[in-house]
Amino acid sequence: MNQNLQNILELQDALARLREAERRLQEIPDWMRELHDEHETRKAEIEALEETAEEASRQRRAAEAAVQDGQEKLKKYQQQINRVSTQREYGALLQEIDTVKGQISSQEEQAFSSLEHHEQAQKDLAALRESFREIEQRYAAELVRWESEKPEIARQADDLRGRITDLKQRLPRPMVSQFERILERYPAGAVAPVRPIERPGRGQREWHCAACNYRVRPQVVVEIRNGSSLVQCDSCKRILYLEEQA
Ligand SMILES: [Zn+2]
């Protein structure tokens, strides 16, 4: 048996398991994914409603400020009435006063409807927050459970890192480099099994690379089984192995 190939296969396996452990440490676990998504959705709904309430508040303040402005203007115009000397000026001023009164009344309506919007949003928010409370509690409990699983996964990851260092030290340096180059090209895995092509009725067995389907010659299969160097697929360049070796 090719001991180097054996070590390469173990190295590949340890790297894949380390990646999985690291993923489990970082990503939301599958068992809390559903609750996590619901939690995020509800949180986003609440934030959107808070924004709506805030926007209604801003609109109300703007409308109230506009009403105030209008009233100041109105006061000024009314003081001017006593000082106008011609009929034409008087008419023009009355026109101005009418316009400002119209503006004031529409801003007052705007302020009132913004107030109503704000109150409705606050009411909806209270209901939403109430229904969110239960999800938040469950979510907090699941987060605690996830945290409690992490130390064991972290310990496994540490073991795997140690195993990887050890395997790399056992392998000839150029072989490790060769493996790493191929792994860079195929992050999912630098090795591929050789499998027989099932062709009933044909005498000689034929083989292919299970990753890319390229044909593997019988003497290459012998070399994989008995040789001491690594054999790469002629087409995809992955390191080939026989499944009995894995
Ligand atoms: Zn291949």
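These notebook entries record what I looked up in a predicted model.

**Entry 1. Ground rules**

I number residues from 1 along each chain as its sequence is written, and I leave out hydrogens and water, using heavy atoms for side-chain values. Because the model is predicted, local features need pLDDT of at least 70 and side-chain atom pairs count only at pLDDT 80 or more, while totals for chains, interfaces and linings use all residues.

**Entry 2. Confidence**

I began with pLDDT, the predictor's confidence in each residue, from 0 to 100. Its mean over the chain is 93, and 97% of the residues reach 70 or more. I then went through the elements, where helices (H or I, at least four residues) and strands (E, at least two) are DSSP runs numbered from the N terminus. Helix α4 (residues 173-185) has the highest mean, 96, and α5 the lowest, 90.

**Entry 3. The zinc site**

Which residues hold the zinc ion? I found Cys-209, Cys-212, Cys-233 and Cys-236, each through SG, lying 2.3 Å from the ion. Donors here are N, O and S atoms within 2.8 Å of the metal (3.2 Å for Na, K and Ca); water is not among the atoms, so sites may look incomplete. Along the chain the donors follow the spacing C-x2-C-x20-C-x2-C. Cys-212 and Cys-236, 24 residues apart, link distant parts of the chain: Cys-212 sits in the loop between β2 (206-209) and β3 (215-216), and Cys-236 in the loop between α5 (218-226) and β4 (239-242).

I checked the geometry next. The four donor atoms subtend angles of 101 to 115° around the zinc ion, so the arrangement is tetrahedral. For four donors, that label requires all angles to lie between 85 and 135 degrees.

I also looked up how accessible the linking pair is, with buried meaning under 20% relative accessible area, exposed over 50%, and partly exposed in between (1.4 Å probe, protein chains only). Cys-236 is buried at 5%, whereas Cys-212 is partly exposed at 28%. I searched for disulfides, pairs of cysteine sulfur atoms within 2.5 Å, and the structure holds zero.

**Entry 4. Positive phi in the two loops**

Most residues other than glycine have a negative phi. I noted Asn-213, which is not a glycine yet has a positive phi of about 75°. Asn-213 lies in the loop between β2 and β3 and is exposed, because its relative accessibility is 56%. Lys-237, also not a glycine, has a positive phi of about 75°. Lys-237 belongs to the loop between α5 and β4 and is partly exposed at 37%.

**Entry 5. Nonpolar cores**

I took a nonpolar core as a set of buried Ala, Val, Leu, Ile, Met, Phe, Trp, Tyr and Cys residues joined through side-chain atoms within 4.5 Å. The largest such core has 37 residues, and Phe-179, Val-194, Val-216, Ile-224, Ile-239 and Leu-240 have the most contacts inside it. Two or more residues come from each of α1 (3-26), α3 (87-170), α4, β1 (191-197), β2, α5 and β4. Helix α1 gives the most, with seven residues.

I followed Leu-240 further, taking contact as heavy atoms within 4.5 Å. Setting aside residues up to four places away in sequence, Leu-240 touches, among others, Leu-5, Ala-192, Val-194, Val-216 and Ile-224, and also Cys-209 and Cys-233. Those two cysteines are among the zinc donors.

Another core, of 10 residues, lies apart from the largest one and includes Ile-28, Leu-49, Tyr-139 and Trp-146.

**Entry 6. Single residues in the helices**

Leu-9 is in helix α1 and is buried at 11%. Its C-alpha is 9.3 Å from that of Ala-190, although the two are 181 residues apart in sequence.

Leu-125 is in helix α3 and is buried at 2%. Beyond its neighbours within four places in sequence, Leu-125 contacts Ile-46, Leu-49 and Glu-50. The C-alpha atoms of Leu-125 and Arg-19, 106 residues apart along the chain, are separated by 42 Å.

Is Gln-178 of helix α4 buried or exposed? Gln-178 is buried, with a relative accessible area of 16%. Not counting residues up to four places away in sequence, Gln-178 touches Leu-230 and Gln-232.

Note on methods
Tetrahedral: all angles 85-135°; square planar, octahedral: opposite > 155°, others 65-115°.
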